[in-house]
Number of protein chains: 2
Amino acid sequence: MRQMKKCCQKGMKVAYKIWLDHNGKAFGEGPYKLLKLVEKTGSLHKAAQNMHMSYRKAWLMIHSIEKNLGFPLLTTKVGGIAGGGSIITIQGKHLMDNYEKFRKEAEKSLKKIFTKYFG
Amino acid sequence: MRQMKKCCQKGMKVAYKIWLDHNGKAFGEGPYKLLKLVEKTGSLHKAAQNMHMSYRKAWLMIHSIEKNLGFPLLTTKVGGIAGGGSIITIQGKHLMDNYEKFRKEAEKSLKKIFTKYFG
């Protein structure tokens, strides 16, 4: 008979992926990071570059989410001294804020439940 | 200016994958289902068949988890009227029970947090 050991190993932890679903993947970590970078850089071009993603892929990602969710995430800023760029819409900002709060609370809760059963 | 809409679509829901990690994926939905079928059928062969998985793949999955977690999940039942088969160890059963409770509580909590921000 093999030796009994307590379940489970020290160093074990909970891992997870969470996303919003609306007839398929609707919004998650990738788009969230992309939008955060648009917010920071004022440009979808720069945000895409930062994520080592082609502009086309980034644009398609944003476009597909907008189509699925039914509202715009970005508007185009035209001209001015600094030239054009992208701005997050109010609905986009609202989505980002809620997603961020949701994600943080979910992480906290999952860790707590994990500790209850495996800590 | 595009029309404003409330964030987000009705019918949107939270989707997720959760697993236990110990220097990589340690235990999750697939192994849990396999062990539940071993429990039901009394045989890793039958459990693997039920999941349309080769016996070899099922055995490797179990073996790799046992090695990672440091305790046996299955023991071999030899002979008897019904022939041999597999039995879940006490530690295996303990892991399954805790995983099941953890998963159910995590689901409940994630849905609640989702409703708070997107419901």
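**Two chains, one strand pairing: a Q&A**

Student: Let's start in the middle of β1(A). Which residue of β1(B) is the bridge partner of A:K17?

Tutor: This is a predicted model, so treat what follows as a reading of that model. Across in β1(B), A:K17 finds its bridge partner in a residue with its own name and number, which is B:K17.

Student: And how many bridges join β1(A) to β1(B)?

Tutor: The two strands cover residues 13-21 in their chains and run antiparallel. The A:K17 to B:K17 pair belongs to this pairing of β1(A) with β1(B). The count of bridges joining the strands is nine.

Student: OK, zooming out to the whole contact: which element gives the most to the side of chain A that touches chain B?

Tutor: The contact takes 38 residues from chain A and 38 residues from chain B. On the chain A side, β1 and α4 (90-118) each supply at least two residues. The top contributor there, with 15 residues, is α4(A).

Student: What about the chemistry of that side: how many of its residues are nonpolar?

Tutor: Split the chain A side that touches chain B by residue class, and you get eight polar and seven charged residues. The remaining class, nonpolar, has 23.

Student: Now A:D21. Is it buried or exposed, or something in between?

Tutor: A:D21 lies in strand β1 of chain A. It has 17 other C-beta atoms within 10 Å. Buried needs 20 or more and exposed needs 12 or fewer, so A:D21 comes out as partly exposed.

Student: Which residues of chain B does A:D21 contact?

Tutor: Skip the neighbours within four places in sequence, and A:D21 has A:A26 as a contact in its own chain. The other contacts of A:D21 are across in chain B: B:M12, B:K13 and B:A15.

Student: How far apart in space are A:D21 and A:L69?

Tutor: Along the sequence, 48 residues separate A:D21 from A:L69. From C-alpha to C-alpha, the distance is 10.0 Å.

Student: What pattern does chain A follow along the sequence?

Tutor: Chain A has four helices and four strands. Among its contacts between residues at least 6 apart in sequence, 43% join residues at least 24 apart. Read along the sequence, the pattern is β-β-α-α-α-β-β-α.

Student: Let's look at α1(A). Why do its buried residues line one face of the helix?

Tutor: Helix α1(A) spans residues 29-41 and reaches 18 Å from its first C-alpha to its last, close to the 18 Å expected at 1.5 Å a residue. Its buried residues are A:P31, A:L34, A:L35, A:L37 and A:V38. Looking down the helix axis, they line one face because they fall within an arc of 160°.

Student: Which exposed residues sit on the face of α1(A) turned away from its buried side?

Tutor: The buried residues of α1(A) pack against several elements of chain A, including α2 (44-50), α3 (55-69) and α4. On the face turned away from that buried side, the exposed residues are A:E29 and A:K40.

Student: Which residues touch the most other members of the largest nonpolar core?

Tutor: That core has 52 residues. One of the two leaders touches A:L34, A:L37, A:V38, A:T41 and A:A58, leaving out residues up to four places away in sequence, and that is A:A47. With its counterpart in chain B, the pair is A:A47 and B:A47.

Student: How far is A:Y55 from A:L44, C-alpha to C-alpha?

Tutor: A:Y55 lies in helix α3 of chain A and counts as partly exposed, with 14 C-beta neighbours inside 10 Å. It touches A:L44, A:H45 and A:A48. A:L44 is eleven residues away along the chain, and the C-alpha separation is 7.3 Å.

Student: Any odd backbone angles? What is phi of B:N23?

Tutor: Most residues other than glycine have a negative phi. B:N23 lies in the loop between β1 and β2 of chain B and is exposed, with 9 other C-beta atoms within 10 Å. Its phi is positive, near 55°.

Student: And where is B:H52?

Tutor: B:H52 is another non-glycine residue with a positive phi, near 55°. It is exposed, with 6 other C-beta atoms within 10 Å. Its place is in chain B, in the loop between α2 and α3.

How values were computed:
Residues are numbered from 1 along each chain as its sequence is written. Chains are lettered from A and ligands numbered from 1 in the order in which they are written. This is a predicted model: local features need pLDDT of at least 70, side-chain atom pairs count only at pLDDT 80 or more; totals for chains, interfaces and linings use all residues. Two residues are in contact if their C-beta atoms, placed from the backbone, lie within 7 Å. A nonpolar core is a set of buried Ala, Val, Leu, Ile, Met, Phe, Trp, Tyr and Cys residues joined through C-beta atoms within 7 Å. Ala, Val, Leu, Ile, Met, Phe, Trp, Tyr, Cys and Pro count as nonpolar, Asp, Glu, Lys and Arg as charged, and the others, Gly among them, as polar. Two strands pair if DSSP finds at least two bridges between them. The expected span of a helix is 1.5 Å times one less than its number of residues. The arc is that of the directions from the helix axis to the C-beta atoms.
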